[in-house]
Amino acid sequence: MRAIVKTERGAGAELRDLPVPKPPHDGVLVRIKAVSICGTDFHVYNWDPWAEHRVKPPVTMGHEWAGEVVEAGPECTSLKPGDYVSGESHWVCGHCLQCRIGQAHVCQNTRIFGVDVDGCFADYFAVPEASVLKNDRRVSPQVACVQDPLGNAVHAALAGDIIGKTVAVLGCGPIGLFAIAVVKAVGGGPVWATDTGDYRLDIARRLGAEHVLKVPQDDVEAAVAQGTEAGHGVDVVLEMSGAPSAIQQAMRLARPGGRVSLMGIPSKPVMLDIAEDVIFKGLTVQGIVGRRLYETWYTMKALLSSGRLDVTPILTHRMPFEEYAEAMELIRSGNCGKIVLTL
Ligand code: ZN
């Protein structure tokens, strides 16, 4: 089978011919139909300091996928050949404290497909049953494969009240854009969306964001003050950029008593005025990592199946599997939403 493999401790990846794996005893072998590229894959491909610390080549890349079960292991009970499936990127342990009390998204024994163990950028993918979810056949593989990052956005947006709430989404990378789509689908908004690039702000506008602001040129705090009750700020801030300036701004954009959900990952510590910007404002500040397992997946499935949530404006490029290097360069340029590779 074909596989995109991180073969060396350095930038790049190779298209390799590998043997088709066996399904795990408690899992399935999936024939992959579509995969999408995560920022994490981009970090692994570029071999940045995080990847250098974490990844041990050789490893088959990728963790966002949709496909069809072709073989089930002997102890697999819930899946059979022909099932149309996708899966969670975090392979959690199932026995730690967090896993056992319904917080498996912060399992400290998590292994990530395509990072710590072989991933899905291949014709076939062997995956444990516990990480697999059945898709609605009305949802195409090109959409079904993005559920892992879409789930980050669902988790972030729905981590508190959102219906009828004013919302700022800081950072319009694919997950920020997904978040705008989710907020609008469930009756949140108006939405203030910020980013540094016109390409992604145009998508934000098409998704229905009422206020689209380019940073650093536009005065985001003034725009939010002008459009919110008594100029006090938005009910909810979804921080998706990881930029230190945006994280600091997130605290100021939220109204007193509001919520700030932080998902973007800063590369170094960020200074905050905890007294003025968090405590005296009575903010709820929460870290968002991964997806609630598996609550987020079922909520997302319902939103996609109902047709209420349409993420297709964010899926800007569909490319053949072999053109992964071109896809990585597109991501580097910033002139793309989510890129799907088809097999
Ligand atoms: Zn665990």
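1. In what order do the 3 strands of the open sheet lie? They run 2-1-4, with antiparallel pairing. Keep in mind as you look around that this is a predicted model. On the edges of this sheet sit strand 2 (14-17) and strand 4 (59-60), and each of them pairs on one side only. Strand 1 (residues 2-6) joins strand 2 through 4 bridges in the antiparallel sense. If you want a spot to check by eye, find valine 5, which stands opposite glutamate 14 in strand 2.

2. Now have a look at strand 3, residues 27-36. Most of this strand is covered, with 8 of its 10 residues buried. Strand 3 has an antiparallel link to strand 5 (residues 65-72) made of 7 bridges, and here alanine 34 stands opposite alanine 66. Another antiparallel link, of 5 bridges, goes to strand 9 (residues 124-128); there, arginine 31 faces tyrosine 124 as its opposite number. Strand 3 also pairs with strand 18 (residues 339-342), again antiparallel, over 3 bridges. Valine 35 has leucine 341 as its bridge partner in strand 18. A handy thing to remember while tracing these: in a regular strand, side chains alternate between the two faces of the sheet.

3. Helix 8 (residues 220-227) is a nice one to turn around on your screen. Val220, Ala223 and Val224 are buried in this helix. Why do they count as being on the same side of helix 8? Because the arc they cover around the axis is only 95 degrees. The general rule behind such patterns is that an α-helix has 3.6 residues a turn, so residues three or four places apart point the same way. As for what they touch, the buried residues of helix 8 pack against strand 12 (191-195), strand 13 (211-214), strand 14 (234-239) and helix 9 (244-253).

4. While you're at helix 8, check its N-terminal end. Which residue caps it? That is aspartate 219, with a side-chain oxygen 3.4 Å from the backbone nitrogen of glutamate 221. In the loop between strand 13 and helix 8 you'll also find proline 216. The peptide bond leading from valine 215 into proline 216 is cis, and its omega is near 5 degrees.

5. There's a second cis peptide bond to look at, joining leucine 293 and tyrosine 294, with omega about -5 degrees. Tyrosine 294 belongs to the loop between strand 16 (284-287) and helix 11. Both leucine 293 and tyrosine 294 turn up again in the next point, among the contacts of glutamate 88.

6. Is glutamate 88 buried or exposed? Buried: its relative accessible area is 1%, and the cut-off for buried is under 20%. Glutamate 88 sits in the loop between strand 6 (84-87) and strand 7 (90-91). A polar atom of its side chain is 2.9 Å from the backbone nitrogen of histidine 90. If you set aside neighbours within four places in sequence, glutamate 88 is in contact with Phe113, Ser131, Leu133, Asp148, Arg291, Leu293, Tyr294 and Trp297.

7. Two residues that aren't glycines have a positive phi, and I'd look at both. Tryptophan 47 has phi near 60 degrees, and its place is the loop between helix 1 (39-46) and helix 2 (49-54). Alanine 230 has phi of about 55 degrees and lies in the loop between helix 8 and strand 14. Their surroundings are worth setting side by side: tryptophan 47 is buried, at 10% relative accessible area, whereas alanine 230 counts as exposed, at 61% relative accessibility.

8. Last stop, the empty space inside. How many cavities of 30 Å³ or more does the structure hold? There is 1. The largest cavity has about 40 Å³ of space. Its lining is made up of Asn135, Asp136, Val139, Gln147, Lys301, Leu304 and Ser305. Helix 11 (residues 295-306) gives the most to that lining, with 3 residues. In case you wonder how empty space is found at all, rolling a probe the size of a water molecule over the atoms shows where it is left.

Terms used: Residues are numbered from 1 along each chain as its sequence is written. This is a predicted model: local features need pLDDT of at least 70, side-chain atom pairs count only at pLDDT 80 or more; totals for chains, interfaces and linings use all residues. Side-chain values use heavy atoms; hydrogens and water are left out. Buried means under 20% relative accessible area, exposed over 50%, partly exposed in between (1.4 Å probe, protein chains only). Helices (H or I, at least four residues) and strands (E, at least two) are DSSP runs, numbered from the N terminus. Two strands pair if DSSP finds at least two bridges between them. The arc is that of the directions from the helix axis to the C-beta atoms. Contact means heavy atoms within 4.5 Å. A polar contact is a pair of N or O atoms within 3.5 Å; within protein, one must be able to donate a hydrogen and the other to accept it, and residues adjacent in sequence count only if both atoms are side-chain atoms. On a 1 Å grid over the protein atoms alone, a cavity is a set of points where a 1.4 Å probe fits but cannot get out, and a pocket is an open set with protein on both sides within 12 Å along at least five of seven lines; lining residues have an atom within 4 Å of a point. Grid points are joined across faces, edges and corners, and a volume is the space filled by probe spheres set on the points.
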